[in-house]
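Please take a moment to look over the sequence and the model before reading on. The paragraphs that follow walk through the structure step by step, beginning with the overall fold and then turning to particular residues.

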Amino acid sequence: MKREEKNLISRRKILNSAFKEFGENGYGLSSINNICTAGDISKGILYHYFKDKDELYLECIKALFDSLTLHLQNELSNISGTNESRLERYFDARLSFFRENPLFQKLFCDVIIAPPTHLVQAISKAKVSFDTLNISVLTELLQSAKIRSDVTIQTAVETFRLYQDFINARYQMNSPEAFDLEKHEKICKRSLSILLYGVIERDGNLQ
């Protein structure tokens, strides 16, 4: 076996065990000892590939969001229809990914509910591809619609991201066990729908 192939197998073995540990216990309750014991990995091998628990956690986070982004890109390629149907397809694709990848779902929940404070900036960098895709999806929806003259696409995107931060902050006040991914996604979809279409039915007297 070539050395490069052996390295890939070793890294994958470590990451598989780390995904399970971080997914089931969250960052705070996870440990290098548990990862090594569960995966039958020596500490020497683990530290050969990863400097510490933080680096290993961030590698898992990046893999999660890279995989989710790729899944969404594939699901949304050549998508057509009304803005409503495209929006529905987007959130359906997100949920289908997590149903097919339960460990990713648990890790995603951990990032939303209890992200390690000292790693918040690093986590933001690790999920930049996912954030960029979200912005592009919303921008495409806005570009295909007639928006108010006093609102720019950039302003609308920034406003929705503030909504998203508020939604996530609301969940951070609860315990991870109380997190309901499908409810979270439903609230996100509803918030985006309200942002796009408002809550007041306009009549002829409103300008």
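The chain contains 10 helices and zero strands, and when the elements are read from the N terminus onward, they run α-α-α-α-α-α-α-α-α-α. What you have in front of you is a predicted model, and the descriptions below should be read with that in mind. Taken along the principal axes, the box filled by the C-alpha atoms of the chain is roughly 75 × 40 × 25 Å. Of the 207 residues in the chain, 39% are buried.

We can begin with the early part of the chain, where S17 is found in helix 1, which covers residues 3-29. S17 counts as buried because its relative accessible area is 8%, and the cut-off for buried is under 20%. Although S17 and G39 are 22 residues apart in sequence, their C-alpha atoms are 5.2 Å apart in space. Next comes D40, which is found in the loop between helix 2 (32-39) and helix 3 (43-49). The phi angle of D40 is near 55°, which is a positive value in a residue other than glycine. With a relative accessible area of 64%, D40 is exposed, whereas S17 is buried.

Salt bridges are the next topic, and the structure holds nine of them. One of these joins E75 to R89, with 4.0 Å between the closest N and O atoms. This pair links distant parts of the chain, since E75 lies in helix 4 (residues 53-76) and R89 lies in helix 5 (residues 83-100), 14 residues apart. Both partners are partly exposed: E75 has a relative accessible area of 29%, and R89 has a relative accessibility of 35%.

Helix 5 also takes part in salt bridges with helix 10, including the one between K189 and E88, whose closest N and O atoms are 3.0 Å apart. Here K189 belongs to helix 10 and E88 to helix 5, and the pair links parts of the chain that are 101 residues apart. K189 counts as partly exposed at 22% relative accessibility, and E88 counts as partly exposed at 36%.

A further salt bridge is formed where the side chains of E185 and R94 meet, with a distance of 2.5 Å from N to O. Because E185 lies in helix 10 and R94 in helix 5, this pair ties together parts that are 91 residues apart in sequence. Are these two residues buried or exposed? Both E185 and R94 are buried, whereas K189 is partly exposed and E88 is partly exposed as well.

From these pairs we can turn to charged residues on the surface, where R170, K183, K186 and R190 gather in a patch of positive charge. Which helix supplies the largest share of this positive patch? The largest share comes from helix 10 (residues 181-197), which contributes three residues. One residue of the patch, K186, lies in helix 10, and K186 counts as exposed because its relative accessibility is 60%, where the cut-off for exposed is over 50%.

The surface also carries a nonpolar patch, formed by I194, V199 and I200, which together have about 310 Å² of accessible area. Within this patch, I200 lies in the segment after helix 10. At 63% relative accessibility, I200 counts as exposed.

Finally, consider the cysteines. A disulfide is a covalent bond between the sulfur atoms of two cysteines. How many disulfides does the structure hold? The structure holds zero disulfides, and the distances around two of the cysteines help to show why a bond is missing there. For C60, the closest cysteine sulfur is in C36, and because the two sulfur atoms are 13 Å apart, they are too far for a bond. For C109, the closest cysteine sulfur is in C188, at a distance of 12 Å, which is again too far for a bond; the cut-off for a disulfide is a pair of sulfur atoms within 2.5 Å. C60 counts as buried at 0% relative accessibility, and C109 is also buried, with a relative accessible area of 13%.

Conventions
Residues are numbered from 1 along each chain as its sequence is written. This is a predicted model: local features need pLDDT of at least 70, side-chain atom pairs count only at pLDDT 80 or more; totals for chains, interfaces and linings use all residues. Side-chain values use heavy atoms; hydrogens and water are left out. Patches are made of residues with over 30% relative accessible area and no salt bridge: like charges are joined within 9 Å, nonpolar side chains (Val, Leu, Ile, Met, Phe, Trp, Tyr) within 5 Å. Accessible areas come from the Shrake-Rupley method with a 1.4 Å probe; for residues, only the protein chains shown count as cover. Lys and Arg count as positive and Asp and Glu as negative; His and the chain ends are not counted. The place of a charge is taken as NZ of Lys, CZ of Arg, CG of Asp or CD of Glu. Helices (H or I, at least four residues) and strands (E, at least two) are DSSP runs, numbered from the N terminus. Buried means under 20% relative accessible area, exposed over 50%, partly exposed in between (1.4 Å probe, protein chains only).
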